[in-house]
Amino acid sequence: MKQKYNIIRSSCVPMNRENIDTDQIIPARFLKSVSRDEKFFGEHLFHDQRYNADGTPNQDFVLNDPEYSGKILVAGKNFGCGSSREHAAWAIAGYGFCAVISSSFADIHKQNELNNFVIPVTVSEAFLAELFKNIENDPGVEVEIDLPEATVEICGTKFKESFPISKFKKYCLANGLDDIDFLLKNQDKTEVWESKNQEL
């Protein structure tokens, strides 16, 4: 879901569990779909935890809890481990999350999030614990993610950290460009380089 990012300020949805793998994020049976519609995958985000066997919402699951809402998902360490399915990032974006905050991400899933306009925000274990504590005390607490500065802050507190993101991906997210868009935007530069280096 292409969009331009600058500063995101939102409440959060907490999932205080470690090792949330891609099969939990989007079960394998939904990968057979011929749809590329992110909204379809968003409807099935965390399907097997979100719904009971009869298809009714599981009221004990956080996505069905009206107390929690927002554009930021907060999860325990090693988020997105397991298979490399890009559908997991599609589902997160399709549900409406703009960012995921965790203390660590599986490398491939992290890249898939970036490629699908979801910002993976890696924070320290101490910051993550503080964030979970703040959300537990006040489900409406907001977090501010400043993409240009690459910082994340728990609003109304002293807790603020920088997070790693490549200059290339920061530029793409700020301008609403995927990798192909970036290449097309710089096609003239590519053609100039090729014309000067034909013998290479």
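Here are legends for a few views of this protein, which is a predicted model.

**View 1. The whole chain, with its 9 helices and 8 strands.** The radius of gyration is 18 Å, close to the 16 Å that the globule rule gives for 200 residues, so the protein is as compact as a globular protein of that length. Along the principal axes, the C-alpha atoms fill a box of roughly 65 × 45 × 25 Å. Of the contacts between residues at least 6 apart in sequence, 65% join residues at least 24 apart.

**View 2. The largest nonpolar core, a set of 53 residues.** Look for Phe-46, Phe-79, Ile-101 and Ile-145, which have the most contacts inside this core. Several elements each supply at least two residues of the core, among them strands S2 (12-15) and S3 (72-75) and helices H4 (87-95) and H6 (125-137). In soluble globular proteins, nonpolar side chains tend to be buried together. Buried residues make up 46% of the 200 here.

**View 3. A closer look at Ile-145 and its contacts.** This residue lies within strand S6 (143-146). Setting aside neighbours within four places in sequence, Ile-145 touches residues including Ile-7, Ile-8, Ile-72, Ile-101, Val-121, Val-152 and Phe-163. Asn-6, Ala-99 and Thr-151 are also among its contacts.

**View 4. A nonpolar patch out on the surface.** Ile-180, Leu-183 and Leu-184 make this patch of about 320 Å². Leu-184 sits in helix H8 (residues 179-185). With a relative accessible area of 54%, Leu-184 counts as exposed, because that is over 50%. As for the protein in full, about 10500 Å² is exposed, and carbon and sulfur atoms supply 49% of that area.

Notes
Residues are numbered from 1 along each chain as its sequence is written. This is a predicted model: local features need pLDDT of at least 70, side-chain atom pairs count only at pLDDT 80 or more; totals for chains, interfaces and linings use all residues. Side-chain values use heavy atoms; hydrogens and water are left out. A nonpolar core is a set of buried Ala, Val, Leu, Ile, Met, Phe, Trp, Tyr and Cys residues joined through side-chain atoms within 4.5 Å. Buried means under 20% relative accessible area, exposed over 50%, partly exposed in between (1.4 Å probe, protein chains only). Helices (H or I, at least four residues) and strands (E, at least two) are DSSP runs, numbered from the N terminus. Contact means heavy atoms within 4.5 Å. Patches are made of residues with over 30% relative accessible area and no salt bridge: like charges are joined within 9 Å, nonpolar side chains (Val, Leu, Ile, Met, Phe, Trp, Tyr) within 5 Å. Accessible areas come from the Shrake-Rupley method with a 1.4 Å probe; for residues, only the protein chains shown count as cover. A salt bridge is a side-chain nitrogen of Lys or Arg within 4 Å of a carboxyl oxygen of Asp or Glu. The radius of gyration is taken over C-alpha atoms; the globule rule is 2.2 Å times the number of residues to the power 0.38.
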